[in-house]
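Could you walk me through this model in my viewer, one selection at a time? I would like to know what to pick next and what I will find there.

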Amino acid sequence: MPANRSSLLVEMSMILSASVIRVRDGLPLSASTDYEQGTGVQECRKYFKMLSKKLAQLPDRCTLKTGHYNINFISSLGVSYMMLCTENYPNVLAFSFLDELQKEFITTYNMMKTNTAVRPYCFIEFDNFIQRTKQRYNNPRSLSTKINLSDMQMEIKLRPPYQISMCELGSANGVTSAFSVDYKGAGKISSAHLRLEPATLSGIVAFILSLLCGALNLIRGFHAIESVLQSDGEDFNYVVAFFLGTAACLYQCYLLVYYTSWRNVKSFLTFGLICLCNMYLYELRNLWQLFFHVTVGAFVTLQIWLRQAQGKAPDYDV
C-alpha cells in the first residue's frame, strides 16, 4: 500500500509539506503536518534535516532534486522557508508559494522573536496559514485567478534558483558518502566566505568604541606631526605609534565584522600591538587614557572571540 501511495503522489502535481527554519542554527520554527507518509516522502525528510544544517552556507534561493521529489527553499532576514513538492510541480508556483509564506511570517512575527526563540516549533500556530496556502496552491484552478505569476516568472528567469547537488549535501542516513570528502575540502576553500553569528548589543558597542579609539589616535598622530615639524627635538616615533594604534583599532573593527582565517589569532596579535603602542606613548598619555585604550582593545578582542562563524547546527528533529 505505501508503494502504491508513493506512485500516486508522484503522478500528481502537488505541494506535500513546508517548514520555516532559522538560518543560523537550523532551529525549526514551524512546519506543516505531513499527512502523506510514503517511503519517498520520509526519505526527503532526512534531506530537510541535512539542508537545515547548511542553510547559512547556501544561497538564498535553492532547489534540491531528490528523484521524484523536489525541495525548494528561500532565505531572508535570517529565516528560511522550505517546501517539498513532486518533481512535476511548476517552479514558478513553488517559489510563489514560498514567497507568500515569507511575507506572512515577516508580517506576523518580528525579528526579535525569531532571533531569541529557543524551543523548536515555537511558532507552530503558523501551520494554519501554511495549510491554507498549501491547499490553494494544490488547486491551480482556483489559484490562477487570485495571484499574478508574471513577476515571479521574470524573477526566476533573471535569477534562477541555485541547483544543489548531492555532493554538496554531504552524507545521508548517517553514512558518509564517497563524494563527501571532496565536499569537505571545498568547504575549507570557501571558509573565508562564512557568515558570522548575528551582532549583539555588546558587539556593536565594541565596534563604536574601537572606532573612537582609532579616531583619537589619528587626531593625536596629526598633532604629533605638527610638533615634529615645529620642533627638531620631537620624537618621530610617536607619530608612528599613533598611526599604528589607529590601524590596529580599525583592523579590530574589520575582524569584528568579517570572518577571516586565523581570526582569533589575528585579534590577539592586534591587541598586543595596541598594548605596545600605548606603552610607548606612556609619556604623552595619563593613566586614565592608557587604561581606556587598553580596556577597549581587550573588550573588542573578547567580542571578536565570542562572535564566531556559523558552524554546525544542533541536530533538531526537523
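Start by selecting Y121 in this predicted model. With a relative accessibility of 26%, Y121 counts as partly exposed, because partly exposed covers the range between under 20%, which is buried, and over 50%, which is exposed. You will find Y121 in the loop between α4 (111-116) and α5. Check its backbone while you are there: phi of Y121 is positive, about 60 degrees, although the residue is not a glycine. For context, most residues other than glycine have a negative phi.

Next, jump to W262, which sits in the loop between α11 and α12 (263-280). Here too phi is positive in a residue other than glycine, with a value near 55 degrees. Is W262 buried or exposed? At 67% relative accessibility, W262 counts as exposed.

One more loop residue before the sheet: select F236, between α10 (201-230) and α11 (237-257). F236 has a relative accessible area of 48% and is partly exposed. Now add I225 to the selection and draw a distance between the two C-alpha atoms: F236 and I225 are 7.6 Å apart in space, with their positions 11 residues apart in sequence.

**The sheet**

Now zoom out and colour the strands. What is the strand order of the open sheet? Its 6 strands run β2-β1-β5-β4-β3-β6, and the pairing is mixed. At the edges are β2 (28-31) and β6 (162-164), each of which pairs on one side only. From one strand to the next, the twist averages 20 degrees.

Walk in from the β2 edge. Strand β1 (residues 15-22) pairs with β2 in the antiparallel sense, over 3 bridges. To see the register, show V20, which stands opposite S30 in β2. Keep both strands on screen and add helix α5 (residues 127-137): α5 lies across β1 and β2 and runs at about 145 degrees to β1.

On the next step you reach β5, which is antiparallel to β1 and joined to it by 7 bridges. Select I15 and look across to C85 in β5, which stands opposite. How many residues of strand β5 (residues 79-86) are buried? The count is 8 of its 8 residues, and the strand is mostly covered.

Stay with C85 and look at β4: N70 stands opposite C85 in β5. With I15 also opposite C85, this residue makes a handy landmark for lining up your view. Strand β4 (residues 69-76) and β5 are antiparallel and share 8 bridges. Another pair to display is S75, opposite S80 in β5. As for cover, 7 of the 8 residues of β4 are buried, so β4 is largely enclosed by the rest of the structure.

Follow the chain around the turn from β4 to β5. This hairpin has 2 residues between the strands, and L77 takes a positive phi near 55 degrees.

Then move on to β3. Strand β3 (residues 61-66) pairs with β4 in the antiparallel sense over 6 bridges, and T63 stands opposite N72 in β4. The hairpin of β3 and β4 has 2 residues between the strands, and there G67 takes a positive phi near 75 degrees.

**A pair of helices**

Leave the sheet and select α3 (residues 91-108) together with α7 (residues 150-158). The two helices pack at an angle of about 105 degrees, and their axes are 9 Å apart. They are therefore roughly perpendicular to each other. To light up the contact, show N91, V92, F95, S96 and D99 on α3, then M152, Q153 and I156 on α7. Colour these side chains by class and you will get 4 nonpolar, 3 polar and 1 charged residues.

**The whole view**

Finally, reset the camera and take in the whole protein, with its 13 helices and 6 strands. Of its 318 residues, 42% count as buried. Switch on a surface: the protein exposes about 17,400 Å², and carbon and sulfur atoms supply 62% of that area. If you draw contacts between residues at least 6 apart in sequence, 71% of them join residues at least 24 apart.

Technical notes. Residues numbered from 1 in each chain as written. Predicted model: local features only at pLDDT ≥ 70, side-chain atom pairs only at ≥ 80, totals over all residues. Heavy atoms only, no water. Axes fitted to C-alpha atoms, helices over the stretch in contact; angles between N-to-C directions. Helix = DSSP H or I, 4+ residues; strand = E, 2+ residues; numbered from the N terminus. Parallel < 35°, antiparallel > 145°, perpendicular 65-115°, else oblique. Contact = heavy atoms within 4.5 Å. Nonpolar A, V, L, I, M, F, W, Y, C, P; charged D, E, K, R; others polar. Buried < 20%, exposed > 50% of the residue type's maximum accessible area, 1.4 Å probe, protein only. Areas by Shrake-Rupley, 256 points an atom, 1.4 Å probe, with all protein chains shown as cover. Pairing = 2+ DSSP bridges.
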